[in-house]
Amino acid sequence: MIWSWLWMYLKVFLVGGAICCIGELLCLLTKLTPARILVIFILAGVVLSAVGLYAPLVEFAGAGATVPLTGFGHSLSQGVIHAVQEKGWLGAFTGGLTATAGGIAAAVFFGTLVAFICKPKAK
């Protein structure tokens, strides 16, 4: 029982850590801005999900694959795929937002909360 929990946590840590390590290497070794790296990760999640490679990673690593930005791209693409199957081509415009609405709402809420608590300064 305890070994299955440890194995699960190890998988999550290794996969999530590897994804974050790739992001850190992109920051340190390239001149890419953080915004461009964010877009690269989201697009990578969309592309890997579209070709069927990201779903097995999610099955294997769980939160280690769904929490990083690549997981957000995966959720967007899966939402679009399901919405297109249900609603036709109109789902291509609504499915991604429907699938990721919880994450977007949390980002807006916590971003607003931090903005009220902290005093931002111009650089």
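How many aromatic pairs does the count come to? In this predicted model, the count comes to 3 aromatic pairs. The legends below take up two of these pairs, along with a patch, a charge over a ring and a buried threonine.

**View 1. W5 and Y9 pair up in a tilted arrangement.** Here the two rings sit 6.1 Å apart, centre to centre. Their planes make an angle of 35°, so the pair falls between the stacked limit of 30 degrees and the edge-to-face limit of 60. Both residues belong to helix α1, and because they are 4 residues apart there, about one helical turn separates them. As for cover, W5 is partly exposed, with 43% relative accessibility.

**View 2. W7 meets F60 edge-to-face.** The planes of these two rings are at 75°, so this pair gets the edge-to-face label, and the ring centres lie 6.4 Å apart. This one ties together distant parts of the chain: W7 comes from helix α1, F60 from helix α3 (residues 54–61), and their positions lie 53 residues apart in the numbering. Neither ring is fully tucked away: W7 is partly exposed at 47% relative accessibility, and F60 is partly exposed too, at 41%.

**View 3. K11 sits over the F60 ring.** Stay with F60 and look at its face: K11 lies over it, 5.0 Å from the ring centre. So F60 has W7 as its edge-to-face partner, and K11 over its face.

**View 4. A nonpolar patch on the surface takes in W7 and F60.** Pull back a little and the W7–F60 pair turns out to be part of something wider. Together with L10, F13 and L14, these two residues make a nonpolar surface patch of about 550 Å². Helix α1, which spans residues 2–29, is the biggest contributor, with 4 residues. One of the patch members, L10, lies in that helix, and L10 is partly exposed, with a relative accessible area of 39%.

**View 5. T70 is buried in helix α5.** Now for a change of scene. Is T70 buried or exposed? T70 is buried, because its relative accessible area is just 5%, under the 20% cut-off. The residue belongs to helix α5, which covers residues 69–87. Leaving aside residues up to four places away in sequence, T70 touches I19, F41, A44, G45, Y54 and A65.

Conventions. Residues numbered from 1 in each chain as written. Predicted model: local features only at pLDDT ≥ 70, side-chain atom pairs only at ≥ 80, totals over all residues. Heavy atoms only, no water. Helix = DSSP H or I, 4+ residues; strand = E, 2+ residues; numbered from the N terminus. Buried < 20%, exposed > 50% of the residue type's maximum accessible area, 1.4 Å probe, protein only. Contact = heavy atoms within 4.5 Å. Patch = residues over 30% accessible without salt bridge, like charges linked within 9 Å, V, L, I, M, F, W, Y side chains within 5 Å. Areas by Shrake-Rupley, 256 points an atom, 1.4 Å probe, with all protein chains shown as cover. Salt bridge = Lys/Arg side-chain N within 4 Å of Asp/Glu carboxyl O. Phe/Tyr/Trp six-rings, centres within 6.5 Å; stacked < 30°, edge-to-face > 60°. Lys NZ or Arg CZ within 6 Å of the ring centre and 35° of its normal.
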